Every structure is written in structure tokens, then in C-alpha cells.
Amino acid sequence: MESLAPAHFAPETVYLDTAATGLVPASAVAAMTEAATAFSLGRPGAEDHFPVVEAVRAAFARLVGVPARQVATGGSAAVFCGLVAQSLPEGSEVLCVEGDFSSLVNPFHVRPGLRVRTVPLEKVADAVAPGTALVAVSAVQSADGRLADLGAIGEAARAHGARTLVDVSQAAGWLPVDAGAHDFTVCVGYKWLMGPRGTAYLTVPEDLGGLTPVFAGWVAGEDPWDSTYGQVSLARSARRYDENPALLPYTGALAGLRLVGELGTERIAAHDRALAGRFRAGLAALGHRPVPAEDSAVVSVPGLGHAAERLAAAGVRVSARAGGLRASFHLYNSTDDVDRVLEALA
């Protein structure tokens, strides 16, 4: 099984660390270089970043199945989670997953007046109670690749009048995502979407979710260039939650989103899962027992995190997370990559 996009990537290592940071396509590097050059030369219009941001917003919206007016752009998932946290009424209960990614759960812990309850991933749906205001969960667990049962969680939340916030940072780009099935989703763009750091997305419901735009700046205005001084008339879409975007990362974000759109997440998911399955089988032959997550593109082996440094010396890039070795497989990987890492572990 070959890479799905060999013309777009030329890694110098066996790169199996997309769950940390995805590779950036060559066309993204070219776009950012061109934009940086325009800035350095003072070319007219170089500061007008709205067209590229709107193109990125539209591409992400298509990927997750919602209208572009329901997508806000920014630079950090934690900021968007903080926005949701600050908008909850005093005394609200937030249900989270034990060991979930800090950028998702920490904003609720540090917001005064909230009650945060944590449960194991497999018990989230059963733990939703009449007093639960929000369920915050990652679609795919960062530490070990386990998938949340979002259907059951969403059904339980609706039955108890709770809203859902799903972090799709470890899903969007390889796993089909229906953002409209959840009240809110957050996603960083630098992992499976193969964009630079500094890109992140928030999706909200059609009614915009009732969030308080606590960091509304000029870009949150209905007409940003007419909103640079004084009180801003907020956009009548999710743009009211926009952060002032970093131009160069957003210039580079479009290439990865377009590549995912061209290949399709179903095809990418089949590719990534096949490689992960090959790796799991090879690990079993070596006597290792990965975390049970057979449908995931992320493979975690408890207690093997110490091998990450040895693999790096052999030209294989993986992560050590929560004491385990974590390998993640994406569209630029091949069966040769799987065989290389297994040989290095042997």
C-alpha cells in the first residue's frame, strides 16, 4: 500500500506522528513563502487576509458538513473551549472524560462557578444526568486513539437537555465528521488537516449557540474594515467568534484541507486504518499488546514509550504519551513505513 499523495510530501524520516503534528504539503509551503515575500516587500494588498480566511472557512465547513456561517476561525482549540466555558451559567455541570486532552477540559476546570465531573470514556453516555449542562469529549482520544461513541453520547445529552462539545482535532482529516450532529465542535488545523500551527476552528448551531463573544475584536464585526474603531456591530454569523487570524498559517491551511477534500475522508480512513491494522498485527507478533482501538488510525502501546528515543535514532518519528508509544498513520504513509518501524522495534 503506497502513500495516497506522494507528490505532495517528501519526509526525511519515517513519519508516524500526525497525532502530534501533521506534515504540511509542499503547496502550502509555497503559498506561505509567497505570502511572506509579499509582506517583506510591502506589496499592496498583502495585509488583506480576509479572502484566504474565508476560503479556509468554507473548505473546513464542507469537510465537516455545515454551512460556512456556522464556522468560526482562530488559532487555538483551548481559546474556543474557553469561550464555551465562559458562556455557561453559574453552577453548570460539565461532564468530561478522564485523561482527555487538557486544551478541552482545562478551560472548564479554571472557570469559577462550574462543577466538572469526569468519568471513563466508555461510561460517558450513562453518566449524563438531568443536571448536566454540557458534555465535553474528544472524538478520538489523544493519548491512545480510542474512539468515543458519539452517537450514544449525543442521544443521552439530548434526552437530558445537555449540550455537547466535541473536540475533533484527532478525527477531522481521516475520520468522517458530522459537526451538525453536535452543538459545538473544536478542531486544530495542524494535525490530520495538515495545516500549520495557528489554525483552529469552532462550529456552532444555526442559532450560533448563545455564546458570549468575550474576545470580540474588529474581525468579529459584520464588516471588519468598518469595525476598527469604537463599539463593533457583531457579525450575524459565527464570525462573531473569530479571533484575529494569523495570515501565514491560514495561507498554508488551504492546501491540506483541499487535499483531504479531493481524496475524501472515507478513502483516507480506509488507508489509515489498514496501515494501523498492519502495525497492530506486527506488534502482536513481537509480543506487544496495544490499546484496543481497532478502528483507529492511532496505535498506542502501554509501557513502550521509552522506545520512542531509540526509534528516533533509527529515523522513525513517533510519540511517547502517557507512558506509551503512540504511532499514527495518515495519507502520506505506506506499508514500507509500517515495516520499518516494526523492524526497528524488533
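Colleague: Does Val110 count as buried or exposed, and at what relative accessibility?

Modeller: This is a predicted model, and Val110 sits in helix H4, residues 102-110. Exposed means over 50% relative accessible area. Val110 therefore counts as exposed, with a relative accessibility of 57%.

Colleague: What separates the C-alpha atoms of Val110 and Leu83?

Modeller: Along the chain, Val110 and Leu83 are 27 residues apart. In space, their C-alpha atoms are separated by 12 Å.

Colleague: In what order do the seven strands of the open sheet stand?

Modeller: The pairing in this sheet is mixed. On average, neighbouring strands are turned by 20 degrees against each other, direction ignored. The order is E2-E8-E7-E6-E5-E3-E4.

Colleague: Which strands have one side left without a neighbour in the sheet, and why?

Modeller: A strand with a single partner strand stands at an edge, so one side of it has no neighbour in the sheet. This holds for E2 (71-74) and E4 (115-119).

Colleague: Which residue in E8 is the bridge partner of Val71?

Modeller: Strand E8 covers residues 200-203 and runs antiparallel to E2. Four bridges join the two strands. In E8, the partner of Val71 is Thr203.

Colleague: Helix H7 packs on the sheet; which strands does H7 touch?

Modeller: Helix H7 spans residues 247-263, and its direction makes about 70 degrees with that of E8. Helix H2 (residues 50-64) also packs on the sheet, where H2 touches E2, E7 and E8. The strands touched by H7 are E2 and E8.

Colleague: How many residues of strand E3 are buried?

Modeller: In a regular strand the side chains alternate between the two faces of the sheet. On one side of E3 are Glu93, Leu95 and Val97, and on the other Val94 and Cys96, all of them buried. The number of buried residues in E3 is five of five.

Colleague: Which residue in E4 does Cys96 stand opposite?

Modeller: E3 and E4 run parallel and are joined by five bridges. Within this pair, Cys96 stands opposite Thr118.

Colleague: Which element gives the most to the lining of the largest pocket?

Modeller: The largest pocket has a volume of about 290 Å³. Among the residues closest to its centre are Ala31, Val52 and Thr251. The elements that give two or more residues to the lining are H1 (26-41), H2 and H7. With six residues, the one that gives the most is H1.

Colleague: How many nonpolar residues are in the lining of that pocket?

Modeller: The lining is made up of 17 residues. Four of them are polar and three are charged. The nonpolar residues number ten.

Terms used. Residues numbered from 1 in each chain as written. Predicted model: local features only at pLDDT ≥ 70, side-chain atom pairs only at ≥ 80, totals over all residues. Heavy atoms only, no water. Pairing = 2+ DSSP bridges. Axes fitted to C-alpha atoms, helices over the stretch in contact; angles between N-to-C directions. Contact = heavy atoms within 4.5 Å. 1 Å grid on protein atoms, 1.4 Å probe; cavity = no way out; pocket = protein on both sides within 12 Å on 5 of 7 lines; lining within 4 Å. Points joined across faces, edges and corners; volume = space filled by probe spheres on them. Nonpolar A, V, L, I, M, F, W, Y, C, P; charged D, E, K, R; others polar. Buried < 20%, exposed > 50% of the residue type's maximum accessible area, 1.4 Å probe, protein only.
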